[in-house]
Amino acid sequence: MLKLWKWYQQCLSTHPVKTQIVSSGFLWSIGDIGAQYITHSTAVSRHKKSDAEAEFKINWKRVAITGLFGFGFIGPLGHYWYEGLDKIMRLRFQLPPKSLRFVAAKVAADTLIFAPFDLFVFFTYMGLASGKSVAQVKEDVRRDFLPAMIMEGSIWPIVQVANFRYVPVRHQLLYVNTFCLLDSAFLSWFEQQNDAPWKQWFTSVKPLKEREGQGQGRL
C-alpha cells in the first residue's frame, strides 16, 4: 500500500493533470458499480425476488458512461478549478492562506459555482449518453437538480472546510477525488431513482403566485 501511495505521489508530481484524469475516471467507475449494487440490493429486499432475479449483474455500459464523466470532465476541470481557486484567493483577493476568510471564500465559491455546474453537466450528460431525447433530459434535470443540490449542499461544504483548511494545495485534488468515490456512488444511485416519491415532493412544491393563479382559475 505504501508503494502504491509513493507511486501515486510521483505520478501526481510529474503528470498532475493526467494523474487526476485517470484517477477520476477510475473512482467514478467504482462509484457507479457501488451505486448499482445498492440499487439492486434495495430492489431485491423490497420486492423479495427469486434467487435468479436476485443475482447482481454489473451494467458495464453504465460503468463506462459514468467513468467517462470522471475521466473527461471531473478530472481535468477539477484540477484547474482547485488550483485556480487557490491562486485567485491568495493573489487577487490577497487573503491569508488557512484564515477563516480564505476558507469561507473558497467554500462559498465551490458551493455556489462549481457544485451547481457539476450537477447540471452530470445529469445532462448521463441522460444524453443513455440515449434519452433532449426533452427527456430536460425533464430529468428539472426533476433531479434541486433535490440533488440540497442533499449535496448539506454535505460537501463540511468536506471542503476540512480540505481548504488542513490539506495542502497539491493534495487537495486527491482529497476531493477520494470523497468523489462516495459522491459518484451517490449521484449514480440518485440518477437511477427516476420518479421516486421523495423526488416528486421537491418538484410538487409550486411558487405561491402559481398556486394562487390556479386557485383563482377554479373559481
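The questions and answers below concern how helix 5 packs in this predicted model.

Residues are numbered from 1 along each chain as its sequence is written. Because the model is predicted, local features need pLDDT of at least 70 and side-chain atom pairs count only at pLDDT 80 or more, while totals for chains, interfaces and linings use all residues, and side-chain values use heavy atoms, without hydrogens and water.

Reader: At what angle do helix 5 and helix 6 pack?
Author: Helices are DSSP runs of H or I with at least four residues, numbered from the N terminus, and axes are lines fitted to C-alpha atoms over the stretch in contact, with angles from 0 to 180 degrees between N-to-C directions. For helix 5 (residues 100-129) and helix 6 (residues 134-153), the axes lie 10 Å apart and the packing angle is about 145°.

Reader: Is helix 5 oblique or roughly parallel to helix 7?
Author: Angles under 35 degrees count as roughly parallel, over 145 as roughly antiparallel, 65 to 115 as roughly perpendicular and the rest as oblique. The axes of helix 5 and helix 7 come within 9 Å and cross at roughly 135°. Helix 5 is therefore, with respect to helix 7, oblique.

Reader: Which helix gives the largest share of the largest nonpolar core?
Author: Such a core joins buried (under 20% relative accessible area, 1.4 Å probe, protein chains only) Ala, Val, Leu, Ile, Met, Phe, Trp, Tyr and Cys residues through side-chain atoms within 4.5 Å. Of its 34 residues, Trp28, Phe69, Phe122 and Phe123 touch the most other members. The largest share, ten residues, comes from helix 5.

How values were computed: Helix = DSSP H or I, 4+ residues; strand = E, 2+ residues; numbered from the N terminus. Buried < 20%, exposed > 50% of the residue type's maximum accessible area, 1.4 Å probe, protein only.
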